[in-house]
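Dear colleague,

I am passing on a structure that you have not worked with before, and I would be glad if you could look through it alongside the notes below. They begin with the overall layout and then turn to one helix and its surroundings.

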Amino acid sequence: MTRFTLPRDVYHGPGALEALKTLDGKKAMVCVGGGSMKRFGFLDKVTAYLQEAGMEVKLFEGIEPDPSVDTVMKGAEVMREFQPDWIVAIGGGSPIDATKAMWIKYEYPDVTFEGLQRTPFWMHVPDPIRVSPARKRWKNS
């Protein structure tokens, strides 16, 4: 059996969106699926809270259900160009899962999807695993 684990912080419940105001950084990329997050005002709130934290915000919209590799690669390219300090995914499972895959391709561009299927993620990256210096750091434990 192979286990695939990514770094993650999932905020939920009352006040979860407002926590975005407390993040420290200069740039944030927000990844979102279809129009429901926009229609119900969540995307505007997320953007406003990140801007209130003093960040420039870049949107990556239109992540489809069961996202394609093409979508993931496009998102990773936008991340490489924008160089966000924070990556925020909102919506359902597809935007969140696609954003995690984008993060892998952004941080570790030489890692292949085929390689991830054959061996655990942590075997593809240096130890200790670190998010780039401008972003929140974490260690493999």
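**Layout of the chain**

Read from the N terminus, the elements of the chain follow the order β-α-α-β-α-β-α-α, which comprises five helices and three strands. Please bear in mind throughout that this is a predicted model. Of the 141 residues in the chain, 38% count as buried, and among the contacts between residues at least 6 apart in sequence, 71% join residues that are at least 24 apart.

**Helix α3**

The helix I looked at most carefully is α3, which covers residues 69-82 and so has 14 residues by the usual assignment of helices; from its first C-alpha to its last it reaches 20 Å, close to the 20 Å expected at 1.5 Å a residue. Its buried residues are Thr 71, Val 72, Gly 75, Ala 76, Val 78, Met 79 and Phe 82. Seen down the axis of α3, these buried residues fall within an arc of 160°, and they therefore line one face of the helix. The face turned away from that buried side carries Val 69 and Glu 81, which are exposed.

**How α3 meets α4**

The axes of α3 and of helix α4, which spans residues 93-107, come within 8 Å and cross at roughly 55°, so α3 counts as oblique to α4. The crossing of the two helices is right-handed. On the α3 side, the residues that meet α4 are Thr 71, Val 72, Met 73, Gly 75, Ala 76, Met 79 and Arg 80, and their counterparts in α4 are Ala 98, Thr 99, Ala 101, Met 102, Trp 103, Lys 105 and Tyr 106. Thr 71, Val 72, Gly 75, Ala 76 and Met 79 thus appear both among the buried residues of α3 and among its residues that meet α4.

**The loops on either side of α3**

Most residues other than glycine have a negative phi, and for that reason two residues in the loops deserve a closer look. Asp 66, in the loop between β2 (56-60) and α3, has a positive phi of about 50° although it is not a glycine; with a relative accessibility of 69%, Asp 66 counts as exposed because it lies over the 50% cut-off. Gln 83 comes just after α3, in the loop between α3 and β3 (86-90), and has a positive phi of about 60° although it, too, is not a glycine. At 42% relative accessibility, Gln 83 counts as partly exposed.

With kind regards

Note on methods. Residues numbered from 1 in each chain as written. Predicted model: local features only at pLDDT ≥ 70, side-chain atom pairs only at ≥ 80, totals over all residues. Heavy atoms only, no water. Helix = DSSP H or I, 4+ residues; strand = E, 2+ residues; numbered from the N terminus. Expected span 1.5 Å × (residues − 1). Buried < 20%, exposed > 50% of the residue type's maximum accessible area, 1.4 Å probe, protein only. Arc of directions from axis to C-beta. Axes fitted to C-alpha atoms, helices over the stretch in contact; angles between N-to-C directions. Parallel < 35°, antiparallel > 145°, perpendicular 65-115°, else oblique. Left-handed = near helix turned anticlockwise from the far one by under 90°. Contact = heavy atoms within 4.5 Å.
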